[in-house]
Amino acid sequence: MYDQLEATLHDAFWEAEGAGAELGLLETFLNDHPGTALELGCGSGRLLLPLLEKGYFIEGLDNSADMLELCREHSGDHEPVLHQSGIEDFQTGATYAAITIPAFTLQLLPYEQLPAIFENIRRHLHPGGGLYITTFIPWAEITGELEEGEEFLDHETYFPDGRTARCHTRFQVKRISQQLIREHRYEILSPDGELLETSDSTHHLTWLWPREIAKLLTDAGFTLQKMIGDFESEAPCDEDAQIVTMMAEWQEDCDPERLA
Ligand SMILES: C[S@@+](CC[C@H](N)C(=O)[O-])C[C@H]1O[C@@H](n2cnc3c(N)ncnc32)[C@H](O)[C@@H]1O
């Protein structure tokens, strides 16, 4: 997952969707938690590098060597601090003012492991440290608006040299266990339409209802501070929101181990 062609095309597809929208929210969150931050699942640095450019202190962590390599290649003079590790069991040896998990990365992790992951995140925060999470609800797949089992053109974008990049997707949805299995086929085509490169990848995603995330956070000793829908920080999160961002804080006196 997130290697080879999938890594190379990751930023191009996000860019085509205007997904830089999350940057503004991240900045607001980091301003509320000044100090060194850590992005879990930083990938090729799509969000991390613009934040470094703006003067924020933020390290990155990812388990994909290909994504981290792209991040280093794109980093110019910044030399970001990058950790190659799984989010499941990372140990950076430091604590942070803030930890971020943007761009739906949390949903790639097995649900059963989330309590232990939140505990580990808390151990990597200073008291008063903030946790930022963005997840999405796959409404089109859940409601049947998109046809299950049928391949469709999920993303298409063009390179300046005339090549085309495509991602075809087919999905299966397991409504009771809240799982979405997506099979992606990535392609690069020449300006004449000749297939130059292709690769496949399967993602197992869990969707989480906001109250489930809120409970996981509370159980791990966090206090939920903000819930934002579809990156619109000015309006209350509405019931049909597709993207849900949560900002929480860990206060030492809320630590369940200390209260026990
Ligand atoms: C959707 S991409 C987001 C990348 C980046 N945050 C962005 O906004 O462009 C998810 C990233 O999480 C990484 N990832 C997925 N599962 C992971 C895991 N268990 N541990 C560490 N990184 C993981 C992938 O390699 C990928 O770079």
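The following legends describe close-up views of a predicted model.

**View 1. Surroundings of the ligand.**
The ligand is surrounded by 21 residues, of which E39, G41, R46, D62 and I87 come nearest. By residue class, this shell divides into nine nonpolar, eight polar and four charged members. The side chain of R46 places an N or O atom 2.8 Å from an oxygen atom of the ligand. A nitrogen atom of the ligand lies 2.9 Å from a backbone N or O atom of I87. For E88, a polar side-chain atom is found 2.9 Å from a nitrogen atom of the ligand. The ligand taken alone exposes 590 Å², and the protein buries 98% of that area.

**View 2. Helix 4 and the glycine that follows.**
Helix 4 spans residues 65-74, and M67, L68, L70 and C71 are buried within it. These residues lie on the same side of helix 4, because the arc that they cover around the axis is only 155°. After helix 4 comes G76, which has a positive phi, near 55°.

**View 3. Helix 7, its two faces and its packing partners.**
In helix 7, which comprises residues 210-219, the buried residues are I213, A214, L216 and L217. Viewed down the axis of helix 7, they fall within an arc of 160° and therefore line one face of the helix. The exposed residues R211, K215 and T218 are carried by the face turned away from this buried side. Packing against the buried residues of helix 7 involves two groups of elements: helix 5 (114-123), and the strands 5 (125-136), 10 (222-229) and 11 (243-250). Helix 7 is followed by G221, with a positive phi near 95°.

**View 4. S201 in strand 9.**
S201 is situated in strand 9, which covers residues 195-206. S201 has a relative accessible area of 10%, below the 20% limit, and is therefore buried. The side chain of S201 forms a polar contact of 2.9 Å with the side chain of E6. Another polar contact, of 3.5 Å, links the side chains of S201 and H203. With neighbours within four places in sequence left aside, the contacts of S201 are M1, E6, R182, E183, H184 and Y186. E6 thus appears both in this contact list and as a side-chain polar partner of S201.

**View 5. K226 in strand 10.**
K226 belongs to strand 10. The relative accessible area of K226 is 35%, so this residue is partly exposed. Apart from neighbours within four places in sequence, K226 is in contact with T28, D32, T245, M246 and M247. Between K226 and G24 the separation is 202 residues in sequence and 15 Å in space, C-alpha to C-alpha.

**View 6. Two non-glycine residues with positive phi.**
F104 is not a glycine, yet its phi is positive, at about 70°. This residue is located in the loop that connects strand 4 (96-101) to helix 5. F104 counts as buried because its relative accessibility is 16%, where the limit for a buried residue is under 20%. D230, also a residue other than glycine, has a positive phi near 50°. The position of D230 is in the loop between strand 10 and strand 11. With a relative accessibility of 29%, D230 counts as partly exposed.

**View 7. A116 in helix 5 and its distance to D89.**
A116 is a residue of helix 5. The relative accessible area of A116 is 48%, which makes the residue partly exposed, since the exposed class begins only over 50%. A116 and D89 are separated by 27 residues in sequence and by 8.7 Å in space, C-alpha to C-alpha.

**View 8. D192 in the loop between strands 8 and 9.**
D192 occurs in the loop between strand 8 (179-189) and strand 9. This residue is exposed, as its relative accessible area is 73%. Along the sequence D192 and E145 are 47 residues apart, and their C-alpha atoms are 33 Å apart in space.

Terms used: Residues are numbered from 1 along each chain as its sequence is written. This is a predicted model: local features need pLDDT of at least 70, side-chain atom pairs count only at pLDDT 80 or more; totals for chains, interfaces and linings use all residues. Side-chain values use heavy atoms; hydrogens and water are left out. Buried means under 20% relative accessible area, exposed over 50%, partly exposed in between (1.4 Å probe, protein chains only). Helices (H or I, at least four residues) and strands (E, at least two) are DSSP runs, numbered from the N terminus. The arc is that of the directions from the helix axis to the C-beta atoms. A residue is near a molecule or strand if one of its heavy atoms lies within 4 Å of it. A polar contact is a pair of N or O atoms within 3.5 Å; within protein, one must be able to donate a hydrogen and the other to accept it, and residues adjacent in sequence count only if both atoms are side-chain atoms. Accessible areas come from the Shrake-Rupley method with a 1.4 Å probe; for residues, only the protein chains shown count as cover. Ala, Val, Leu, Ile, Met, Phe, Trp, Tyr, Cys and Pro count as nonpolar, Asp, Glu, Lys and Arg as charged, and the others, Gly among them, as polar. Contact means heavy atoms within 4.5 Å.
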